[in-house]
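Work through the exercises below with the model open. Try each task before reading its solution.

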Amino acid sequence: MYQVLYRKYRPKVFSDVYGQDHVTSTLMNEIKENRISHAYLFTGSRGTGKTTCAKILAKAVNCEHGKNGEPCNECEVCRGLDAGTIYDVVEIDAASNNGVDNIRDLREEVNYTPTRGRYRVYIIDEVHMLSAGAFNALLKTLEEPPAHVIFILATTEVHKLPATILSRCQRFDFKRIKPETMAIRLKQVASLEGMELNDDAAVLIAKIADGAMRDALSILDQCAGRSKKIDARLVSEAAGIAGRESLYKLSDAVCAMNSGDALNIIAELYRNSYDMERLCVDMINHFRNFLIVKTVKKSRDLIICTDDEYNMIVSGTEKFTLPKIIFALDMFQKALTVIKGGANSRIEMEMSFIRLCSPKLDQSADALLDRIAALEKAVKNGVAVRQAEKPNISDISPKEEIQPKESEKTAAPAESQKNEKHEEPPKQENTAEKIAPITEKQPLPEPPVKNDSALETPDTVEFSQWGEFLEAIYKSDIALYGVLNGATGYIRDEFFLIDSQNAVLRQFIRIPTHSKAIKQALYDVTGKQFKLGLFKKKEEKPKSDPLEDLISKAQGKIDINIE
C-alpha cells in the first residue's frame, strides 16, 4: 500500500524536525540531564510537528540505548513503539473522547505500571476539545500523577484551555516553519523520491502551506501525481490557486479602476476551477507584499520570493498609494470573513473588486481616505489638461436658460449676467432621434489626470472640475449620471463641450430637464453659465487646393451651431 509523503518522511528523531530547534534542543537537554517533567503542553498551528515531537519524546524517555537525548530506533522498545506492539504509549483523541467518563477511565489506567518501558506516556491530542467537567476531572491527576506517568497535551487553540491546566504543564510553543526552511526540506524529499522540483515551485509550495510542513508535503504529493517535473505552474494548478500573472492583472485592473477587466479575470479563473476563497487569500498576501515594500526600508528580508518576482512586486507597488493598499487589504479581509461564513465566494470577490474599482460605491472612512489620497497626489503632481482636437460643436441647449439659486444670486459675478446675452451664430443642420432615458446607475471612475501642461491651449482646455461636476449631477439627475459614464469635459470660450463615446448622449441631453441639470451643476461648481456642446473630432475632407488646407489648419476653424 502506498504511503503518503508526510507519513513516509515523518521525523523519527529530534534532529529531523525542521524549524523547531528551540523546542527540540530543550527536550534533548532535559532527557540527557534526566530532568523530565510529568506534564508537557505543545501548542502551535497545524502541521508544525507537535504530535511528531510528542511521539519522539515518548520513545526517547523509554529508549534502552538513547544517546544525547535521542531515541536509537533500534532497540526492542523503539521498534515496538513504532510497530504498535508495546502499549506503554497511549494516544487519545480528545475530540471524540471528551467526556468525564473518558477521563475517569484514564485516571484508573495511570495506576498500572509500564509493561516494557520506564514510563507510561499519554498523548492527548486536541486537548482543548475536552469538556469543562473532563478538565476538572483531569486536574488532580495532571498535577500529581504517579512517578511512571508522563502527560503530553497537544492543541492548536491554547486560549481555550483553563488557566488551571496551563499552570500544571511545561509549555512549548511551536512556530510556523519558515518558507526558506520548508523549501530546503521539500527539495530534499523530492530528491529522495526522484522528482525534479525547481526553486520557484518549492518556494510557492512553502508559501501556500503557510508554515505547515504536513500541508507542504501533501501538496508535493499531489503535484507528483501529475508529473515528476514540478514547476510553479503545476503547483498553481494542483493547489487550485491563481498564478502570479493573474494576481498582477487583477491589481492592475484595480489601479486602472477597470472593474470589467477584473470580473473577466475572475470569470476565467472560475472556469478553470480556481478556488475563490484561495484567491481572496492570495490577494491579501499580494497586497501585503505591496504594504511591506511601501513601509519597510529593507523589505527584501520580509518577502519570501525570487529576485525576479520581488522586482515585479516593487514595480506594482509604485502604482498604489498607501491608503489604497490598506483599503484593499481591509476589503479582502472582510470578504474572506464573509466567505468563511457561507456566502457565495465568487459573488463576494466580484463585489470586492467592483468596490475597489469604484470608490464612490463605498462610503466608509477607509474609502474616503483613499479618495482624498488620490486627490492629494493629483494636486502634488499638478492638474494639467490635454490638448483637444479641433472640435465641431452642435449646441444642444434647451430654449430655457438656467437660473442661479436664490442663495447665489448676490454672489454671481457681473460677467455671468453678460454671458446670458450673446449673439447666436447661424444654425447648422442637426439630426436627432428620440431615445428612452437610461435609469440604471453606473459607477463612474474619476477622469484621469495628465501631468503635461504643454497640452493646454488658449482656446480649448480640459475641464479640471469634472469630479465635482459629476457629484452634483448624481444628486440631481441619476439617469444623466449613468449616460455620462466615461465622458470628459472641455471648456472653449463660453461653451462646455462633452466628449463621450456614448451615442445616446446627443439626444439624451437635448431633453430640457437633463440639459438644465448640466447647466445648474456647472453653475454650482464654477459660478459661471455655459452653452452646451458635443466634442467630436473634425472629419477630414479632401481639399482641392493644398494652400487652402494649410490655411484652414493654421486658423483652426470650427463650426458652431447654437439653438
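The exercises treat a predicted model and cover a sheet, then salt bridges.

**Exercise 1. The sheet**

Task: State the strand order of the open sheet of 4 strands, and find its edge strands.

Solution:
- Step 1. The order is 9-10-11-12, and the pairing is mixed.
- Step 2. Strand 9 (461-462) and strand 12 (531-534) pair on one side only, so they are the edge strands.
- Step 3. Now take the pair at one edge. Strand 9 and strand 10 (residues 488-492) run antiparallel and are joined by 2 bridges.
- Step 4. Two strands count as paired when DSSP finds at least two bridges between them. The 2 bridges between strand 9 and strand 10 therefore satisfy the rule.
- Step 5. Pick out a residue match: Val461 stands opposite Ile491 in strand 10.

**Exercise 2. A helix on the sheet**

Task: Which strands does helix 23 lie across, and at what angle does it run to strand 12?

Solution:
- Step 1. Locate helix 23 at residues 512-526.
- Step 2. Helix 23 lies across strand 11 (495-499) and strand 12.
- Step 3. Its angle to strand 12 is about 115°.

**Exercise 3. A link between distant parts of the chain**

Task: Place the salt bridge of Glu76 and Arg116 in the chain, then give the exposure of its two residues.

Solution:
- Step 1. The N to O distance is 3.2 Å. The cut-off is 4 Å, so the pair qualifies.
- Step 2. Glu76 belongs to helix 4 (residues 76-83). Arg116 sits in the loop between helix 5 (100-109) and strand 3 (120-125). The two are 40 residues apart and link distant parts of the chain.
- Step 3. Glu76 is partly exposed because its relative accessibility is 47%. Arg116 is partly exposed because its value is 34%.
- Step 4. Widen the view: Glu64, Glu76 and Arg116 form a network of salt bridges.

**Exercise 4. Two more pairs**

Task: Are Asp282 and Arg278 buried or exposed? Set out the Lys160 and Glu157 pair as well.

Solution:
- Step 1. Asp282 and Arg278 form a salt bridge, with the closest N and O atoms 3.6 Å apart.
- Step 2. Both residues lie in helix 14 (residues 276-295), 4 residues apart, which is about one turn of the helix.
- Step 3. Asp282 and Arg278 are both buried, so each has under 20% relative accessible area.
- Step 4. Lys160 and Glu157 meet in a salt bridge at 2.8 Å, N to O.
- Step 5. Lys160, at 45% relative accessibility, is partly exposed. Glu157 is also partly exposed, at 25%.
- Step 6. The count for the model comes to 21 salt bridges.

How values were computed: Residues numbered from 1 in each chain as written. Predicted model: local features only at pLDDT ≥ 70, side-chain atom pairs only at ≥ 80, totals over all residues. Heavy atoms only, no water. Contact = heavy atoms within 4.5 Å. Axes fitted to C-alpha atoms, helices over the stretch in contact; angles between N-to-C directions. Salt bridge = Lys/Arg side-chain N within 4 Å of Asp/Glu carboxyl O. Buried < 20%, exposed > 50% of the residue type's maximum accessible area, 1.4 Å probe, protein only.
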